[in-house]
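Here is my note on the model you sent over, written as numbered points. Keep the structure open beside you and look up each residue as we reach it.

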Amino acid sequence: QVQLVESGGGLVQAGESLSVSCVASGSIFAIDVMGWYRQAPGKQRELVAAIANGGSTNYADSVKGRFTISRDNAKKMVYLQMNSLKPEDTAVYYCNARVSRAGLLYNYWGQGTQVTVSS
(Lines give C-alpha, C1' and ligand atoms only; values in the text may rest on other atoms or scores of the structure.)
Protein backbone atom coordinates (compact mmCIF):
# COMPACT_ATOMS: atom_id res chain seq x y z
CA GLN A 1 0.00 0.00 0.00
CA VAL A 2 1.00 3.58 -0.70
CA GLN A 3 -0.15 6.56 1.30
CA LEU A 4 -0.13 10.16 0.10
CA VAL A 5 -0.40 13.03 2.55
CA GLU A 6 -0.94 16.60 1.39
CA SER A 7 -0.13 19.84 3.16
CA GLY A 8 -0.46 23.52 2.46
CA GLY A 9 -3.99 24.32 1.41
CA GLY A 10 -5.66 27.47 2.60
CA LEU A 11 -7.52 30.68 1.86
CA VAL A 12 -5.92 33.46 -0.18
CA GLN A 13 -6.97 36.52 -2.11
CA ALA A 14 -6.87 36.74 -5.88
CA GLY A 15 -3.37 37.50 -7.11
CA GLU A 16 -1.67 35.91 -4.13
CA SER A 17 0.42 32.75 -4.03
CA LEU A 18 0.16 29.44 -2.26
CA SER A 19 2.09 26.20 -2.31
CA VAL A 20 0.99 22.67 -1.58
CA SER A 21 3.10 19.60 -1.00
CA CYS A 22 2.60 15.86 -0.89
CA VAL A 23 4.71 13.05 0.51
CA ALA A 24 4.41 9.39 -0.44
CA SER A 25 5.07 6.55 1.96
CA GLY A 26 4.55 2.81 2.17
CA SER A 27 5.66 -0.05 -0.02
CA ILE A 28 6.93 1.57 -3.19
CA PHE A 29 9.01 -0.01 -5.91
CA ALA A 30 9.12 3.05 -8.12
CA ILE A 31 7.06 6.19 -8.62
CA ASP A 32 6.61 6.91 -12.30
CA VAL A 33 4.58 10.10 -12.38
CA MET A 34 3.40 12.39 -9.61
CA GLY A 35 0.82 15.05 -10.14
CA TRP A 36 -1.87 17.33 -8.87
CA TYR A 37 -5.53 17.22 -9.76
CA ARG A 38 -8.33 19.46 -8.61
CA GLN A 39 -12.07 19.25 -8.29
CA ALA A 40 -14.37 22.21 -7.88
CA PRO A 41 -17.99 21.91 -6.75
CA GLY A 42 -20.13 20.55 -9.55
CA LYS A 43 -17.09 19.86 -11.72
CA GLN A 44 -15.18 16.75 -12.67
CA ARG A 45 -11.72 16.17 -11.33
CA GLU A 46 -9.15 17.58 -13.73
CA LEU A 47 -5.40 17.38 -14.16
CA VAL A 48 -3.58 20.49 -13.00
CA ALA A 49 0.04 19.44 -13.43
CA ALA A 50 2.13 16.30 -13.61
CA ILE A 51 5.82 15.53 -13.44
CA ALA A 52 7.62 12.37 -14.51
CA ASN A 53 10.54 10.87 -12.64
CA GLY A 54 12.92 12.33 -15.21
CA GLY A 55 11.61 15.83 -14.63
CA SER A 56 9.40 16.41 -17.65
CA THR A 57 6.22 18.30 -16.82
CA ASN A 58 2.73 18.78 -18.15
CA TYR A 59 0.30 21.54 -17.21
CA ALA A 60 -3.31 22.32 -17.84
CA ASP A 61 -3.67 25.28 -20.16
CA SER A 62 -5.51 27.19 -17.47
CA VAL A 63 -2.50 27.19 -15.14
CA LYS A 64 0.43 27.46 -17.54
CA GLY A 65 2.71 30.30 -16.59
CA ARG A 66 1.23 30.55 -13.11
CA PHE A 67 1.79 27.14 -11.48
CA THR A 68 5.02 25.19 -11.16
CA ILE A 69 5.26 21.53 -10.24
CA SER A 70 8.43 19.97 -8.86
CA ARG A 71 9.46 16.77 -7.12
CA ASP A 72 12.13 15.43 -4.82
CA ASN A 73 12.63 11.78 -5.60
CA ALA A 74 14.79 11.12 -2.54
CA LYS A 75 12.09 12.49 -0.26
CA LYS A 76 9.28 11.02 -2.38
CA MET A 77 7.61 14.40 -2.45
CA VAL A 78 5.87 16.52 -5.03
CA TYR A 79 5.18 20.23 -4.79
CA LEU A 80 2.92 22.69 -6.52
CA GLN A 81 3.72 26.38 -6.40
CA MET A 82 0.65 28.40 -7.32
CA ASN A 83 1.13 32.05 -8.24
CA SER A 84 -1.29 34.72 -9.43
CA LEU A 85 -4.19 32.72 -8.09
CA LYS A 86 -7.66 33.34 -9.48
CA PRO A 87 -11.08 32.63 -7.96
CA GLU A 88 -11.58 29.94 -10.58
CA ASP A 89 -8.63 28.07 -9.06
CA THR A 90 -10.78 27.37 -6.02
CA ALA A 91 -11.05 23.60 -5.61
CA VAL A 92 -9.96 20.62 -3.61
CA TYR A 93 -6.48 19.73 -4.78
CA TYR A 94 -5.51 16.07 -4.82
CA CYS A 95 -2.06 14.55 -4.95
CA ASN A 96 -1.62 11.62 -7.30
CA ALA A 97 1.16 9.09 -7.71
CA ARG A 98 1.52 6.43 -10.35
CA VAL A 99 3.45 3.56 -8.81
CA SER A 100 5.08 0.57 -10.44
CA ARG A 101 4.64 -2.68 -8.55
CA ALA A 102 5.28 -6.21 -9.88
CA GLY A 103 5.42 -4.85 -13.39
CA LEU A 104 2.02 -3.15 -13.16
CA LEU A 105 1.01 0.47 -12.71
CA TYR A 106 -1.25 1.68 -9.92
CA ASN A 107 -2.67 5.12 -9.18
CA TYR A 108 -2.88 6.39 -5.62
CA TRP A 109 -4.61 9.49 -4.32
CA GLY A 110 -4.24 11.75 -1.34
CA GLN A 111 -7.15 12.91 0.77
CA GLY A 112 -7.24 16.34 -0.84
CA THR A 113 -6.57 19.81 0.47
CA GLN A 114 -8.86 22.80 0.03
CA VAL A 115 -7.60 25.85 -1.83
CA THR A 116 -9.94 28.82 -1.78
CA VAL A 117 -9.25 32.03 -3.68
CA SER A 118 -11.43 35.02 -2.87
CA SER A 119 -12.20 37.87 -5.27
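1. Let us begin with Asn73, in a model that is predicted. Is Asn73 buried, partly exposed or exposed? Its relative accessibility is 44%, and because the partly exposed class runs between 20% and 50%, Asn73 counts as partly exposed. You will find Asn73 in the loop between strand 7 (67-72) and strand 8 (77-82).

2. Stay with Asn73 and look at what its side chain meets. Which side chain makes a polar contact with the side chain of Asn73? The partner is Arg71, at 2.6 Å. A polar atom of the Asn73 side chain also lies 3.4 Å from the backbone oxygen of Asn53. There is a further relation to look for: Ala30 is 43 residues from Asn73 in sequence, yet the two C-alpha atoms are 9.7 Å apart in space.

3. Now step back to the whole chain. The protein has zero helices and 11 strands, so when you read the elements from the N terminus on, you meet β-β-β-β-β-β-β-β-β-β-β. The radius of gyration is 14 Å, close to the 14 Å that the globule rule gives for 119 residues, so the protein is as compact as a globular protein of that length. The C-alpha trace spans about 45 × 25 × 25 Å along its principal axes.

4. A few totals help to fill in that picture. Of the 119 residues, 39% count as buried. The accessible surface comes to about 6,200 Å², and carbon and sulfur atoms account for 50% of that surface. Among contacts between residues at least 6 apart in sequence, 53% join residues at least 24 apart. As for charges, the protein has 11 positive and 8 negative ones, and their mean positions are 6 Å apart.

5. Next, please find Arg38 in strand 4 (residues 30-39). Is this charged residue buried or exposed? Arg38 is buried, because its relative accessible area is 7%, and buried means under 20%. Its side chain has two polar contacts to trace: one of 2.9 Å with the side chain of Asp89, and one of 2.9 Å with the side chain of Tyr93. Leaving out residues up to four places away in sequence, Arg38 touches a long list of residues, including Gln44, Glu46, Val48, Phe67, Glu88 and Ala91.

6. Ala49 is a good residue to visit after that. Ala49 sits in strand 5 (residues 46-52) and has a relative accessible area of 0%, so it is buried. What does Ala49 contact, leaving aside its neighbours within four places in sequence? The residues are Gly35, Trp36, Asn58, Tyr59, Ile69 and Leu80. Thr68 is also worth marking: Ala49 and Thr68 are 19 residues apart in sequence, and 7.9 Å separates their C-alpha atoms.

7. Thr113 takes us to strand 11 (residues 113-118). Thr113 is buried, since its relative accessible area is 12%. A polar atom of the Thr113 side chain lies 3.2 Å from the backbone nitrogen of Gly9. Gly9 is also among the residues that Thr113 touches, once those up to four places away in sequence are set aside. The others are Glu6, Gly8, Val20, Ala91, Val92 and Tyr93. You have met Tyr93 before, in the polar contact with the side chain of Arg38.

8. My last point is about two loop residues whose backbone angles deserve a look. Ser84 is in the loop between strand 8 and strand 9 (91-101), and its phi is near 50°, a positive value in a residue other than glycine. Ala102 is in the loop between strand 9 and strand 10 (104-109), and here phi is near 55°, again positive in a residue other than glycine. How exposed is each one? Ser84, at 39% relative accessibility, counts as partly exposed, whereas Ala102, at 76%, counts as exposed.

Definitions and conventions
Residues are numbered from 1 along each chain as its sequence is written. This is a predicted model: local features need pLDDT of at least 70, side-chain atom pairs count only at pLDDT 80 or more; totals for chains, interfaces and linings use all residues. Side-chain values use heavy atoms; hydrogens and water are left out. Helices (H or I, at least four residues) and strands (E, at least two) are DSSP runs, numbered from the N terminus. Buried means under 20% relative accessible area, exposed over 50%, partly exposed in between (1.4 Å probe, protein chains only). A polar contact is a pair of N or O atoms within 3.5 Å; within protein, one must be able to donate a hydrogen and the other to accept it, and residues adjacent in sequence count only if both atoms are side-chain atoms. Contact means heavy atoms within 4.5 Å. The radius of gyration is taken over C-alpha atoms; the globule rule is 2.2 Å times the number of residues to the power 0.38. Accessible areas come from the Shrake-Rupley method with a 1.4 Å probe; for residues, only the protein chains shown count as cover. Lys and Arg count as positive and Asp and Glu as negative; His and the chain ends are not counted. The place of a charge is taken as NZ of Lys, CZ of Arg, CG of Asp or CD of Glu.
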